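Open the structure in your viewer and keep the selection tool at hand. The stops below say what to select and what is found there.

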Amino acid sequence: MKAINTTHILLLTLLLINIPPLPSLPGTCRDTCGPIPIKYPFGSGSGCGHPAFSRYVKCSPGGALRLSTAGDAYLDVSSIDYASGSLAAADPLMSTCASMQNSGSFSLDPGSPFSLSPDNIFALVGCSTTSPVFDPDADFCDTGSGQTVCRGLYSCRGVEGIGLEPHDPISTCCVYEPMQVFAGSVLDLPKLQCSSYSAVYGFGGSEGDPMRWQYGILLRFNDSYESSDCRNCEDSGGFCGFEGVEESFVCRCRNGVNSTVNCYGRGNGWSRAGTPGIQTALTIGGFLLMWMIAFL
């Protein structure tokens with residue numbers, strides 16, 4: 001048997017050791033957007049998550065999760081509760097106890113996978129006395145617990161932002177159940193002749209302190225997106241996503257490789273499985289190995 005030159009062995013070893021790993025591509029999905037954990041059906045970027053959600057919820061380059069609404073407006077997502085299937089978001093122009101300002105209208109796209117939670121309390125503030133919400137025959141305003149919410153909001157220094165003084169009479173405030181007033185989840189403030197609105201989905205353990213209330217809009221998202229393909233992908237450490245015109249399911253792996261099944265390498269349809277550098281190194285390594293075997 002012929003001796004193998006140690007220089008040849010060293011060259012082959014160095015070549016195989018320095019084969020570059022699969023790159024982490026810019027389009028690889030992430031499991032967070034800023035401080036918010038991202039799980040299916042949501043996604044951190046294009047082709048990540050479920051296509052029905054990807055159209056409405058996006059992670060900005062600055063790491064802010066935003067939900068688009070009808071009319072090219074958006075809500076800032078503050079938290080997602082995957083166990084209960086709910087998402088909390090805030091309109092940038094919505095009023096809170098700390099700051100009140102003139103708000104725009106709010107509307108959910110009827111094609112979106114979201115619906116308003118019944119836990120929401122919507123309060124219209126700075127309304128005209130001729131507003132249709134005060135129509136005695138319509139019974140829009142909550143005259144019971146709604147009065148407590150109005151008094152709380154009108155005790156805030158923030159009301160100065162809409163031209164009122166703290167503890168002004170609450171006759172220009174209306175609290176109502178949105179499912180009774182929203183037609184297709186639309187809140188049209190100009191039509192209702194109101195300056196602003198505030199949304200509260202929790203009192204933070206202190207109904208008497210509006211500074212501690214949880215301001216925002218609580219939305220529910222449906223669970224029809226669950227699938228065994230996605231669970232298989234996630235069990236292998238991948239992210240569920242989609243690609244192509246037909247938005248077919250794809251499992252996106254952390255190293256930038258895509259699979260139709262999972263990240264264990266058992267599936268078919270792998271893409272981005274190698275780069276020119278990797279292919280070249282493997283080719284050279286193969287030739288060297290064959291050359292060394294010839295000396296045996």
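Select Asp235, which lies in helix α6, residues 228-235. The model is a predicted one. Is Asp235 buried or exposed? Asp235 is exposed, because its relative accessible area is 60%, and the cut-off for exposed is over 50%. Now add Asp223, Glu226 and Glu234 to the selection: together with Asp235 they form a negative surface patch.

Next, select strands β9, β10, β12 and β13. These make an open sheet of 4 strands with antiparallel pairing, in the order β10-β9-β12-β13. Which strands stand at the edges? They are β10 (174-176) and β13 (214-215); each has a single partner strand, so one side of each has no neighbour in the sheet.

Stay in this sheet and show β9 (residues 121-127) with β12 (residues 194-202). The two strands run antiparallel and are joined by 6 bridges. To see one pair of facing residues, pick Ile121 and then Val200 in β12, which stands opposite. Strands of a sheet pair through backbone hydrogen bonds, so display the backbone atoms here.

Move on to strand β15, residues 239-243. Of its 5 residues, 4 are buried, so β15 is largely enclosed by the rest of the structure. Add strand β16, residues 248-252: it pairs with β15 in the antiparallel sense over 5 bridges. Select Phe242 and its bridge partner in β16, Phe249.

Last, look at the turn. β15 and β16 form a hairpin, with 4 residues between the two strands. Select Gly244 in this turn; its phi is positive, about 80 degrees.

Key: Residues numbered from 1 in each chain as written. Predicted model: local features only at pLDDT ≥ 70, side-chain atom pairs only at ≥ 80, totals over all residues. Heavy atoms only, no water. Patch = residues over 30% accessible without salt bridge, like charges linked within 9 Å, V, L, I, M, F, W, Y side chains within 5 Å. Areas by Shrake-Rupley, 256 points an atom, 1.4 Å probe, with all protein chains shown as cover. Salt bridge = Lys/Arg side-chain N within 4 Å of Asp/Glu carboxyl O. Lys, Arg positive; Asp, Glu negative; His and termini not counted. Charge placed at Lys NZ, Arg CZ, Asp CG, Glu CD. Buried < 20%, exposed > 50% of the residue type's maximum accessible area, 1.4 Å probe, protein only. Pairing = 2+ DSSP bridges.
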